[in-house]
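Q: I'm new to this one and would like to learn how to read it piece by piece. Could you walk me through it?

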Amino acid sequence: MREIEVCVTSLHEAREAYLAGAKRIELCAALCTGGVTPSYGCIKTIREELPKLKINVLIRPRGGDFCYTAEEINVMLLDIEMCKSLGVNGVVIGALTKDGNIDHDTMKRLIAAAKGLRITFHRAFDCCNAPFEALEQIINLGCDRLLTSGQKHCVNEGKEMLRQLVEKAGDRIIIMPGCGVNVNNIAELEAHTKAKEFHST
């Protein structure tokens, strides 16, 4: 059965998503920059008002690239600690090296800090130089999901890559197409890619 994760930025949006049948959200702020970590108050308010809604929180200290300084990594570790204290379902993370590969050291630190939470590797993947090599690395890191548009501007353009990722991933990780998923294309995407979970706003 198809599962849809809804990207939201506020209590109002979370409430609307829940009333429409969403079981899980990705919570972030500043979507105009690609999304950053939401505030403590936003997470806590949604957690308290909608306790049955699974909340995955984006851990990203700023917009721009996915190469982080030591100070930014420390901020992300503290934000993960905050999320654990608030009892969220999972975190959405990703870090790359300057040459476009997975930053293993940073990812291992973030994943260790998030122990007990579900882990989604976010669309930093779409900036990787070698997507299938990166897929194997993300699987080996122990991530539960990979959010991706198939390394294209939107899922419609990336659907062939998405199909290949789903096929290569098998049951080792969930490939979750996102960026441009809507009521008009989800059935075609599902049929073409064989993905079971989708990410939409």
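Q: Let's start small. Is Gln151 buried, partly exposed or exposed?

A: Keep in mind that we're looking at a predicted model. Gln151 is partly exposed, because its relative accessible area is 22%, and the cut-off for buried is under 20%. You'll find Gln151 in the loop between β6 and α6. Gln151 also has a positive phi of about 60 degrees, although it is not a glycine.

Q: Which residue in the loop between α7 and β8 should I look at next?

A: Try Lys194, which lies in that loop, with α7 covering 186-193. Lys194 isn't a glycine, yet its phi is positive, about 70 degrees. Lys194 has a relative accessible area of 53%, so it counts as exposed.

Q: Now the sheet. In what order do the strands lie?

A: The general idea goes like this: strands of a sheet pair through backbone hydrogen bonds, either parallel or antiparallel. Here, eight strands make an open sheet, and the order is β7-β6-β5-β4-β3-β2-β1-β8, with parallel pairing. β7 (174-177) and β8 (197-200) are the edge strands; each has a single partner strand, so one side of each has no neighbour in the sheet. On average, neighbouring strands of this sheet are turned by 25 degrees against each other, direction ignored.

Q: How many bridges hold β1 and β2 together?

A: Strand β1 (residues 3-8) pairs with β2 in the parallel sense, over four bridges. To find your place, look for Val6, which stands opposite Ile25 in β2.

Q: And which residues cover the two sides of β2?

A: Start with the general rule: in a regular strand the side chains alternate between the two faces of the sheet. Now the case itself. In strand β2 (residues 24-27), Arg24 and Glu26 are on one side, while Ile25 and Leu27 are on the other. All four are buried, and both faces of the strand are covered.

Q: What about β4 and β5: how many bridges join them?

A: Strand β4 (residues 90-93) and β5 run parallel and are joined by four bridges. One pair to look for is Gly90 and its bridge partner in β5, Arg118. Thr120 is in β5 too, a strand that spans residues 118-121. Thr120 counts as buried because its relative accessibility is 2%. Setting aside residues up to four places away in sequence, Thr120 touches Asn56, Val91, Val92, Ile93, Arg145, Leu147 and Met176.

Q: Time for helices. At what angle do α3 and α4 pack?

A: Two packed helices are described by the angle between their axes and the distance between the axes. For helix α3 (residues 70-86) and α4, the angle is about 20 degrees and the axes are 9 Å apart. That makes α3 roughly parallel to α4. The contact involves Ile73, Met76, Leu77, Ile80 and Lys84 of α3, and Thr106, Arg109, Leu110 and Ala113 of α4. Sorted by class, the residues of this contact are six nonpolar, one polar and two charged. As for handedness, the crossing of α3 with α4 is right-handed.

Q: How do α5 and α6 pack, and at what angle?

A: Helix α5 (residues 131-141) packs with helix α6 (residues 155-169) at about 40 degrees, their axes 11 Å apart. That makes α5 oblique to α6. Pro131, Phe132 and Leu135 of α5 meet Met161, Gln164, Leu165, Lys168 and Ala169 of α6. By class, that contact has six nonpolar, one polar and one charged residues. The crossing of α5 and α6 is right-handed.

Q: Which residues of α5 are buried?

A: The general idea first: an α-helix has 3.6 residues a turn, so residues three or four places apart point the same way. In α5, the buried residues are Pro131, Ala134, Leu135, Gln137, Ile138, Ile139 and Leu141. Their cover includes α4 (104-113), β5, β6 (145-148), α6 and β7. Just after α5 comes Gly142, with a positive phi near 95 degrees.

Q: One last stop: what does Arg15 contact?

A: Apart from neighbours within four places in sequence, Arg15 is in contact with Glu49 and Leu50. Arg15 is in helix α1 (residues 11-19). With a relative accessible area of 29%, Arg15 is partly exposed.

Definitions and conventions. Residues numbered from 1 in each chain as written. Predicted model: local features only at pLDDT ≥ 70, side-chain atom pairs only at ≥ 80, totals over all residues. Heavy atoms only, no water. Axes fitted to C-alpha atoms, helices over the stretch in contact; angles between N-to-C directions. Parallel < 35°, antiparallel > 145°, perpendicular 65-115°, else oblique. Left-handed = near helix turned anticlockwise from the far one by under 90°. Contact = heavy atoms within 4.5 Å. Nonpolar A, V, L, I, M, F, W, Y, C, P; charged D, E, K, R; others polar. Buried < 20%, exposed > 50% of the residue type's maximum accessible area, 1.4 Å probe, protein only. Pairing = 2+ DSSP bridges.
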